[in-house]
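Take a look at the fold below. Follow the chain from one end to the other before you read on.

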Amino acid sequence: MILKELVNRKKIVVYAFVIMPNHLHLVWKMIELNGKEMPHASFNKFTSHQIFQDIKLQHSERLSDFKVTDAERNFRLWQRDPLAVLMDSQNKLEQKIDYIHLNPLQERWQLCEKPEDYDWSSARFYETGIDNFGFLTDYRDLL
């Protein structure tokens with residue numbers, strides 16, 4: 001997984017995340033460039049490549065859903081300007097982490113009954129202290 005690789009290479013720190021059916025949320029800190037690019041660009045590039053490979057092999061009829069007329073690429077997976085929020089207070093950090101951990105429970109999704117039951121989230125890590133992903137850092141250790 002690219003997040004684990006970037007953490008192991010000390011390019012980012014990941015505090016919380018949730019992967020939803022059509023989007024994801026990350027609370028992370030970028031530490032340094034990954035070669036010549038920002039870590040989020042490395043993440044976008046790697047995940048786009050992997051997902052498009054899968055689409056080509058398993059769902060080729062859906063590839064046209066990602067067609068764009070950009071000069072730099074033919075297909076786009078990630079939104080060009082994702083929403084980035086500066087975490088400049090403990091209150092804001094905890095509010096955002098709660099929000100992303102509750103995302104799978106929203107009426108629109110109803111993916112689980114409790115945040116820690118959703119497999120693609122850091123909520124269980126904060127509930128049990130067990131990092132099944134091998135790349136999470138508890139933000140409370142920084143306080």
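Ile19 has a bridge partner in β2, and that partner is Leu24. Another pair sits along the two strands: Val14 stands opposite Trp28 in β2. These pairs belong to a longer match. Strand β1 covers residues 12-19, and strand β2 covers residues 24-30. The two run antiparallel and pair over 7 bridges. A hairpin of 4 residues joins β1 to β2. The model is a predicted one.

How well covered is strand β1? Mostly: of its 8 residues, 7 are buried. One general point helps when you look at strands. In a regular strand, side chains alternate between the two faces of the sheet.

**The whole chain**

Now step back. The chain holds 4 helices and 2 strands. Along the sequence, they follow the pattern α-β-β-α-α-α. The C-alpha atoms fill a box of roughly 45 × 40 × 25 Å along the principal axes.

What share of the 143 residues is buried? The buried residues make up 31%. The exposed surface of the chain comes to about 9700 Å². Carbon and sulfur atoms supply 49% of that area.

Contacts also link distant parts of the sequence. Take the contacts with a separation of 6 or more: 45% of them join residues 24 or more positions apart. Charge is the next item. There are 19 positive and 21 negative side chains. The centres of these two sets lie 8 Å apart.

**Around Ser122 and His101**

Two residues deserve a slower look. Ser122 is placed in the loop between α3 and α4. His101 belongs to helix α3, which spans residues 90-102. Are they buried or exposed? Ser122 has a relative accessible area of 0%, so it is buried. His101 has a relative accessibility of 8%, so it counts as buried too.

The side chains of Ser122 and His101 make a polar contact at 2.6 Å. Each side chain has a backbone partner as well. The side chain of Ser122 reaches the backbone nitrogen of Phe17 at 2.9 Å. A polar atom of the His101 side chain lies 3.2 Å from the backbone nitrogen of Ala123.

What else does Ser122 touch, leaving out residues up to four places away in sequence? Its contacts are Tyr15, Ala16, Phe17, His101 and Leu136. On the same terms, His101 touches Ala16, Phe17, Pro115, Ser121, Ser122, Ala123 and Tyr126. Ala16 and Phe17 thus appear in both lists. Those two residues fall within the range of strand β1, residues 12-19.

**Val7 in helix α1**

Turn to the start of the chain. Val7 lies in helix α1, residues 2-8. Its relative accessible area is 18%; buried means under 20%, so Val7 is buried. Outside its neighbours within four places in sequence, Val7 is in contact with Ile12, Val14 and Phe135. Val14 is the residue that stands opposite Trp28. How far is Val7 from Ile31, C-alpha to C-alpha? The two atoms are separated by 9.5 Å, and the residues are 24 apart along the chain.

**Two residues with positive phi**

Two loop residues share a backbone feature. Lys10 has phi near 60 degrees, a positive value in a residue other than glycine. Gln110 also has a positive phi, about 45 degrees, and is not a glycine. Lys10 sits in the loop between α1 and β1. Gln110 sits in the loop between α3 and α4, and α4 covers residues 123-128.

Why does each count as exposed? Exposed means over 50% relative accessible area. Lys10 is at 59%, so it counts as exposed. Gln110 is at 56%, so it counts as exposed as well.

The table sets the residues with computed accessibility side by side.

| Residue | Relative accessibility | Class |
|---|---|---|
| Ser122 | 0% | buried |
| His101 | 8% | buried |
| Val7 | 18% | buried |
| Gln110 | 56% | exposed |
| Lys10 | 59% | exposed |

Conventions
Residues numbered from 1 in each chain as written. Predicted model: local features only at pLDDT ≥ 70, side-chain atom pairs only at ≥ 80, totals over all residues. Heavy atoms only, no water. Buried < 20%, exposed > 50% of the residue type's maximum accessible area, 1.4 Å probe, protein only. Polar contact = N/O pair within 3.5 Å; in protein donor to acceptor, adjacent residues only side chain to side chain. Contact = heavy atoms within 4.5 Å. Pairing = 2+ DSSP bridges. Areas by Shrake-Rupley, 256 points an atom, 1.4 Å probe, with all protein chains shown as cover. Lys, Arg positive; Asp, Glu negative; His and termini not counted. Charge placed at Lys NZ, Arg CZ, Asp CG, Glu CD.
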